[in-house]
Amino acid sequence: MDFKLEIVVLPVTDVDRSQAFYRGLGWREDVDYTGPEGFRVVHFTPPGSAASIIIGSRVTDAAPGSDHGVHLVVDDIEAAHKELTERGAAPSEIFHDAGGVFHHAGAEARLAGPHPERQTYGSFLTFTDPDGNLFTLQEVTRRLPGRVDHVVYDSAAALEQALRDAATAHGVYEAETLHGVHDEAWPTWYATHMATAAGLAS
């Protein structure tokens, strides 16, 4: 049985204000439903994410701004910082943790700048929505083996690039290992290469 994370409900004060904020981030607005007695559900999905957020009225009893645990993954923390700044989100400076495994609570053990070796999972930044709900961005450039069991490409262009990279690597394999002989099993080679690049295999 799969248990897939689907929704994080964020408590907000002013739904319209929060809706404008998340639209400004460029997140996809999937639903804006208004029901009786002020019930409202607004559903957003961050680019590339399988999970979404919900804001609204009468959807949670939590205090507005009290959620400080939402983490988003990016593959370039510096580019993400630039985009968030341009979109008015006022992100924190990029930081890494002295322990090197995960960040501590608050600013404890926080060191300025990305991880000095740009270690995957090692660089972070934060930003808040208008109520103070806190988001943490974590840079993941390579998934550890066993962490994922499928690959989702954000666009046709990303899939095309992955195929081109595999084709280039396979050309080297044919030339150096097979001495120029055509590899009849190239689909298997491509699949293994692309899965390894995505962290599905080692």
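1. Contact here means heavy atoms within 4.5 Å. On that criterion, and leaving out residues up to four places away in sequence, Y22 touches L10, W27, F44, I53, I55, D129 and F135. The model is predicted, and the points below should be read as a description of that model.

2. Y22 belongs to the largest nonpolar core, a set of 23 residues. The members that touch the most other members are Y22, L25, W27, I55, F127, F135 and L137. Several elements supply at least two residues each to this core: helices α1 and α2 (77-86), together with strands β3 (40-45), β4 (52-57), β5 (70-74), β8 and β9. A second core, separate from this one, has five residues, including A162, A166, W189 and Y190.

3. On the annotation: UniProt, in an unreviewed entry, places the feature "domain: VOC" at residues 4-140. In the model this span is 15% helix and 32% strand, and the C-alpha atoms at its two ends lie 20 Å apart.

4. The model has 12 salt bridges. One of them pairs D131 with R17, at 3.3 Å from N to O. D131 sits in the loop between β8 (124-128) and β9 (134-139), and R17 in helix α1 (residues 15-24), so this pair ties together parts that are 114 residues apart in sequence. Which of the two partners is buried, and which partly exposed? D131 counts as buried because its relative accessibility is 18%, under the 20% limit. R17 is partly exposed, with a relative accessible area of 39%.

5. Two further salt bridges deserve a look. In the pair E29 and R23, the closest N and O atoms are 2.6 Å apart. E29 has a relative accessible area of 28% and is therefore partly exposed; R23, at 47%, is partly exposed as well. In the pair R87 and E83, the closest N and O atoms are 3.3 Å apart. R87 is partly exposed at 40% relative accessibility, and E83 is partly exposed at 41%. Elsewhere, D76, E78, R118 and E139 are joined into one network by salt bridges that share partners.

6. R87 also appears among the contacts of G26. Not counting residues up to four places away in sequence, G26 touches P47 and R87. This glycine lies in the loop between α1 and β2 (28-34), and it is partly exposed, with a relative accessible area of 35%. What separates G26 from L137 in sequence and in space? The two are 111 residues apart in sequence, and their C-alpha atoms are 16 Å apart. L137 is one of the core residues named in point 2.

7. H81 is in helix α2. Its relative accessibility is 18%, so H81 counts as buried. Beyond its neighbours within four places in sequence, H81 is in contact with P91, S92, E93, I94 and L125.

8. Backbone geometry should be checked at two residues. R58 has a phi near 65 degrees, a positive value in a residue other than glycine. Y121, also not a glycine, has a positive phi of about 75 degrees. R58 lies in the loop between β4 and β5, while Y121 lies in the loop between β7 (110-112) and β8. Are these two residues buried or exposed? R58 counts as exposed at 53% relative accessibility, whereas Y121 counts as buried at 12%.

9. On the surface, Y153, L159 and L163 form a nonpolar patch, and together they have about 230 Å² of accessible area. L159 is placed in helix α3 (residues 156-176). At 36% relative accessibility, L159 counts as partly exposed, and a patch residue needs over 30%.

Key
Residues are numbered from 1 along each chain as its sequence is written. This is a predicted model: local features need pLDDT of at least 70, side-chain atom pairs count only at pLDDT 80 or more; totals for chains, interfaces and linings use all residues. Side-chain values use heavy atoms; hydrogens and water are left out. Patches are made of residues with over 30% relative accessible area and no salt bridge: like charges are joined within 9 Å, nonpolar side chains (Val, Leu, Ile, Met, Phe, Trp, Tyr) within 5 Å. Accessible areas come from the Shrake-Rupley method with a 1.4 Å probe; for residues, only the protein chains shown count as cover. A salt bridge is a side-chain nitrogen of Lys or Arg within 4 Å of a carboxyl oxygen of Asp or Glu. Helices (H or I, at least four residues) and strands (E, at least two) are DSSP runs, numbered from the N terminus. Buried means under 20% relative accessible area, exposed over 50%, partly exposed in between (1.4 Å probe, protein chains only). UniProt positions are given in the numbering used here, feature names are shortened, and annotations may be inferred rather than shown by experiment. A nonpolar core is a set of buried Ala, Val, Leu, Ile, Met, Phe, Trp, Tyr and Cys residues joined through side-chain atoms within 4.5 Å.
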